[in-house]
Amino acid sequence: NFEPFTTMTRAQVCTVIVKFLNQLNGTSGNLAASSTTPVTGGINTIVVGEQSYNIGTTPIYFNIEFQDIRASSISSGTGSFKLNGLHTIDLNSESKNPDITVNNIRYGIKKFAVTGNNLIAYTDCRKINKIIVDQRTYNSDYVELYVNAATTDYFLSDLGIVDANTVKLKSDTYKLNKERISLSLDNKQYFYDIEKISLGDTDTQPVLEECDPLVVKGLSRSDIAAIFSGYTTLDLYDLDDMAFIIDGEKYTFDKVELDASGNFIVDEESFPFDKVIITKDDLKYDINKIIMDNGKFIFYCDEGTEHNWVIIDDDYYDADDIKIIFNSTIYDFDDIIVAKRNTIRIGTKQYEVDDNFKCKINDKVYFIDDIEYNRELGLDVIETGDTTSSSLTNQPDTYIFYVNDRKYQEDLDDVTIKANGKWLDFEDVTILDPTHFNYDSSEYDLIEAKIKIEDDEFKVEDTAWHGVDQTLDIYLEEI
């Protein structure tokens, strides 16, 4: 199809570039080959399945780099054969073999072999080459496929045909009367379910039934029936004030694609709905389920919860997942205030940000290059620098307390530790290594330290660190 004003996939762009280069270099591929009389050389017969074809009388095409190249000459060599004097193809190889098309039947090829003047193409499966819908012809290499309403990386040319009702995609087999295989045409304007496959002697065509859109590009109010938050619904007229957080990036509703199975597509990458958050003002909504009913989406979300985002290197992060480190003491992000650019307040004291300040994200520690409060966004914004190796990256995820070699408690509830003459919540100290901890820029021995669990007092006898699961065992002796 000639559609100069529609967007192109990467595969289509590659095809245009390859064909242009072929014309530029005088090797015109299928354009010239299909308009000239084939000249055979060396091998003149191709055996596909149980049928033999003379390349001088039957047009046979090899699918190479998204081009259908008509065979005009084939010559065999050691371990390979050459097509049209330009393309070298391995013999007896079971990978990267080009498909072959005879008439309008495309074959996946398991391997090639040469016997005498015959090229034997051992077929893996029958495929679809070109389809005709409403008197328009479409190349299967560019027709996108959907499995059970979900977006995939497959195209119609990837569909292997077992029989009229059975197809396969790689190692997965599907029954068309039980599972849903669909396709889209004209830049996702039209969608069809494949009901069955018509297997003719010279043609292979899918029997199609038009269906509701399986992908919506750019969500608007007209695409959404309701967004449930617990037992209430959100006002869809506030849709412009809502956004999705996907893989750390913020997207307005009109900037995403959503398929009928609840997968979000941004920048040609797919994300399941349970990895996506809806945000509005200071509330976040976790998505539990998305269904499509009569072409409209229904979202089922948890009730909105108070939330605070931090932008770090242009990505959105949950403030609960961010730690600020100052002089070896780790602070929750909520414990600090960005007073002004590169100035942080901790408690009643104010500090200029320097190399003593670091930011911990996903178990990595970074120097802070810049930190400020963005009034327009209403969020704190951090630009990080180099990573820094530090024992602070390996804080325990789990604490297990043992008394008399028996597990006593596996959390920090009601646990305090004595340092500098006062009892501190254990969560407020920083573990520097299995035998030392830090509080308020001072280092203390963990061994022999006094610990209280509720009203029971103990002394630390020993510790053991399990790096694989980030667990610190603390062995106690009753006092």
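Start in the loop between strand E33 (309–312) and strand E34 (315–318), and select Asp314 there. This is a predicted model, so treat each stop as a computed feature. Asp314 has a positive phi of about 75°, although it is not a glycine. Most residues other than glycine have a negative phi. At 58% relative accessibility, Asp314 counts as exposed, because the cut-off for exposed is over 50%.

Now go to Phe66. Its loop runs between strand E3 (60–64) and E4. Phi is positive here too, near 65° for Phe66, again in a residue other than glycine. Phe66 is partly exposed, with a relative accessible area of 36%.

From Phe66, step to Tyr142. What does Tyr142 touch, leaving aside its neighbours within four places in sequence? The contacts are Ala11, Gln12, Thr15, Phe66 and Phe155. Tyr142 sits in the loop between strand E12 (136–139) and strand E13 (144–147). At 21% relative accessibility, Tyr142 counts as partly exposed. For a sense of distance, add Gly230 to the selection: its C-alpha atom is 41 Å from that of Tyr142, and the two are 88 residues apart along the chain.

Next, select helix H1, residues 10–24. At 1.5 Å a residue, the 15 residues of H1 should span 21 Å. The end C-alpha atoms of H1 are 21 Å apart, which agrees.

Which residues of H1 are buried? Colour Ala11, Thr15, Val18 and Asn22. Look down the axis of H1: the buried residues fall within an arc of 70°, so they line one face of the helix. An α-helix has 3.6 residues a turn, so residues three or four places apart point the same way. Show strand E4 (67–70) as well, since it is part of what covers the buried residues of H1.

Turn H1 around. The face away from the buried side carries the exposed residues Arg10, Phe20 and Leu24. Two of these names, Phe20 and Leu24, belong to a nonpolar surface patch of about 660 Å². To show the whole patch, add Met8, Val13, Val16, Ile17 and Leu21.

Stay with Arg10 and show its side chain. Arg10 forms a salt bridge with Glu268, and the closest N and O atoms are 2.7 Å apart. Arg10 lies in helix H1 and Glu268 in the loop between strand E27 (263–266) and strand E28 (269–272), so the pair ties together parts that are 258 residues apart in sequence. Both Arg10 and Glu268 are exposed.

Now pick Lys188 and Glu257. Their side chains meet in a salt bridge at 3.0 Å, N to O. Lys188 is in the loop between strand E18 (181–185) and strand E19 (190–199), and Glu257 is in strand E26 (residues 257–259), so this pair ties together parts that are 69 residues apart in sequence. Are these partners buried or exposed? Lys188 counts as buried at 19% relative accessibility, and Glu257 is buried with a relative accessible area of 16%.

Move on to Asp332 and Lys323. This salt bridge has its closest N and O atoms 2.3 Å apart. Asp332 is partly exposed, at 36% relative accessible area. Lys323 also counts as partly exposed, at 24%.

Finish with Asp99, Arg106, Lys127 and Asp141. Salt bridges that share partners join these residues into one network. In total, the structure holds 13 salt bridges.

Notes
Residues are numbered from 1 along each chain as its sequence is written. This is a predicted model: local features need pLDDT of at least 70, side-chain atom pairs count only at pLDDT 80 or more; totals for chains, interfaces and linings use all residues. Side-chain values use heavy atoms; hydrogens and water are left out. Patches are made of residues with over 30% relative accessible area and no salt bridge: like charges are joined within 9 Å, nonpolar side chains (Val, Leu, Ile, Met, Phe, Trp, Tyr) within 5 Å. Accessible areas come from the Shrake-Rupley method with a 1.4 Å probe; for residues, only the protein chains shown count as cover. A salt bridge is a side-chain nitrogen of Lys or Arg within 4 Å of a carboxyl oxygen of Asp or Glu. Helices (H or I, at least four residues) and strands (E, at least two) are DSSP runs, numbered from the N terminus. The expected span of a helix is 1.5 Å times one less than its number of residues. Buried means under 20% relative accessible area, exposed over 50%, partly exposed in between (1.4 Å probe, protein chains only). The arc is that of the directions from the helix axis to the C-beta atoms. Contact means heavy atoms within 4.5 Å.
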